[in-house]
Amino acid sequence: MFSPRALKSASSLMCRGFFTGQMCRQGKAPDMAEVRNRLREIVGASTNWKDHQQALAERASLSQNLAKSQDELPAKTMKDSAIEAHLPLGTQPALREKYLNYHNSVRFGRILEDLDSLAVLICYSHTWNKELKRSPLSIVTALVDKIDMRKNIIYPDCDIKFTGHVTWVGKTSIEAKMHMSQYHDGAYTDVLDATFVMVARDPENKRAAFINPLKLESPEEEAIFQQGEINKMRRVELSTASLLKVAPTAEERTLVHSLFLNTLDTRTVSFRSRVLPPNSMWMEDAKMKGLEICHPQERNIFNRIFGGFLMRKAYELGWANACAFAGGRPTLVAVDDIVFRKPVEIGSLLLLSSQVCYTEGIHIQVRVHTEVLDPLTRQHNTTNVFHFTFRVEKDIPAIVPQSYGESMLYLDGKRHFDETMRSQG
């Protein structure tokens, strides 16, 4: 999945100038705090909220440095974007409080924040022009294609290592893959693999911007790039077949009708009289809602709400929803197809709605929908849709839809669950 040649060159990348300062002199990989500091340097972001308007005005002047076509930009290799970063939970005890949950494990929502920051930095590594003090590009998360868990337990007192690099490039979009491992019992063990897709925009984040093409240096890298092409085509096919656009398949229609027949009250012989089957729960009763006020503290380097923060809040609500539904602690199996539709502005009211939409065996599929409410205009706009697959070690009720809309949610959840099982099988 990853290019060993590219990942091994991460330390040499740091000392070629992308990372500077003490860590380069000591030959050490950066920690996540240094990753975020480097991102601020790249775009010229201020750490003071009161300076954000001036910072935005200064970035607007960088438009003159944008390429007019991709042909103007030098090709970069996979090793040019290879980065290794550490999360020193074992060697820096003071850091643990931020990551610790009450199960004496690591808050996975915090890991999502770190993955998002690292993915952005990987893409800036690919597009970096050492002749410029600041990058004219605004690189933002377009979607999280997939996060597959390789291990259920993340220890709160053991160091974590992230590695990653660019694996596919279009004209204005980039795929970055990352791997997370943890040091335990004298060795690093795999924890997760993640695939993010980022897009490049102009300094004011108003229109698309060209990025450097990718130069492939080995058959292994060609295979990695080809997988990126396959991922792109799969996303196009899934979007084309979306239940928001086309009718369910014949097999899916049969399934929905079977669920309907299974809930009819045989005593009344009425389409309106419905009975909940044994060991089941109506979908209407398996939801949970949340609200976040979007404060400046959670802003990203472009002075909008940090995508990692949105993922953390959605994950935590989805986890709570699965926990309440199952009556036990769920463990994450996969994160799938997180789409960032619109940026979230500072001051927005963020409404989160979580729904258990599909169950199979010991697995729970949860969909979290987020939208912003403008308190002045009272307009609602969808910003994100999140899909999480959880597992519990006990029997769980079957989820049952009642309305046609709930049936579509059920089928959509089944599609995401089946895709997760295929990718892990």
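This tour visits two annotated regions, one helix with a salt bridge, and three helix contacts in a predicted model.

**The annotated regions**

Begin by selecting residues 81-204 and 284-396. In an unreviewed entry, UniProt places the feature "domain: HotDog ACOT-type" at these residues. Colour residues 81-204 first. This span is 19% helix and 44% strand, and its end C-alpha atoms lie 24 Å apart. Then colour residues 284-396, where the chain is 18% helix and 46% strand. Here the end C-alpha atoms are 16 Å apart.

**Helix H4 and a salt bridge**

Next, select helix H4, which covers residues 32-43. Show the side chains of arginine 38 and glutamate 41, which form a salt bridge. Their closest N and O atoms are 3.1 Å apart. Both residues belong to H4 and are three residues apart, about one turn of the helix. In total, the structure holds 19 salt bridges.

**From H4 to H7**

Keep H4 on display and add helix H7, residues 108-127. The axes of H4 and H7 come within 10 Å and cross at roughly 45°, and the two helices are therefore oblique to each other. The crossing of this pair is left-handed. To see the contact from the H4 side, select Met32, Val35, Arg36, Arg38, Leu39, Ile42 and Val43. They meet Glu113, Asp114, Ser117, Leu118, Val120, Leu121 and Tyr124 of H7. The residues of this contact divide into nine nonpolar, one polar and four charged. Arg38, already seen in the salt bridge with glutamate 41, is one of the H4 residues in this contact.

**From H7 to H10**

Leave H7 in view, hide H4, and select helix H10, residues 307-326. How do the axes of H7 and H10 cross? They come within 8 Å and cross at roughly 155°. Angles over 145 degrees count as roughly antiparallel, and H7 and H10 are therefore roughly antiparallel to each other. Their crossing is right-handed. On H7, show Phe108, Gly109, Arg110, Leu112, Glu113 and Asp116. On H10, show their partners in the contact: Gly307, Gly308, Phe309, Met311, Arg312 and Tyr315. Sorted by type, the residues of this contact are five nonpolar, three polar and four charged. Glu113 of H7 takes part in this contact and is also found in the contact with H4.

**Helices H9 and H11**

For the last stop, select helix H9, residues 250-262, and helix H11, residues 404-424. Their axes come within 11 Å and cross at roughly 125°, which makes H9 oblique to H11. H9 passes H11 in a right-handed crossing. Which residues make the contact? From H9, they are Glu252, Leu255, Val256 and Leu259. From H11, they are Ser407, Tyr410, Leu411, Lys414 and Arg415. Colouring this contact by residue type shows five nonpolar, one polar and three charged residues.

Terms used:
Residues are numbered from 1 along each chain as its sequence is written. This is a predicted model: local features need pLDDT of at least 70, side-chain atom pairs count only at pLDDT 80 or more; totals for chains, interfaces and linings use all residues. Side-chain values use heavy atoms; hydrogens and water are left out. Axes are lines fitted to C-alpha atoms, for helices over the stretch in contact, and angles run from 0 to 180 degrees between N-to-C directions. Helices (H or I, at least four residues) and strands (E, at least two) are DSSP runs, numbered from the N terminus. Angles under 35 degrees count as roughly parallel, over 145 as roughly antiparallel, 65 to 115 as roughly perpendicular and the rest as oblique. A crossing is left-handed if the near helix is turned anticlockwise from the far one by less than a right angle, and right-handed if clockwise. Contact means heavy atoms within 4.5 Å. Ala, Val, Leu, Ile, Met, Phe, Trp, Tyr, Cys and Pro count as nonpolar, Asp, Glu, Lys and Arg as charged, and the others, Gly among them, as polar. UniProt positions are given in the numbering used here, feature names are shortened, and annotations may be inferred rather than shown by experiment. A salt bridge is a side-chain nitrogen of Lys or Arg within 4 Å of a carboxyl oxygen of Asp or Glu.
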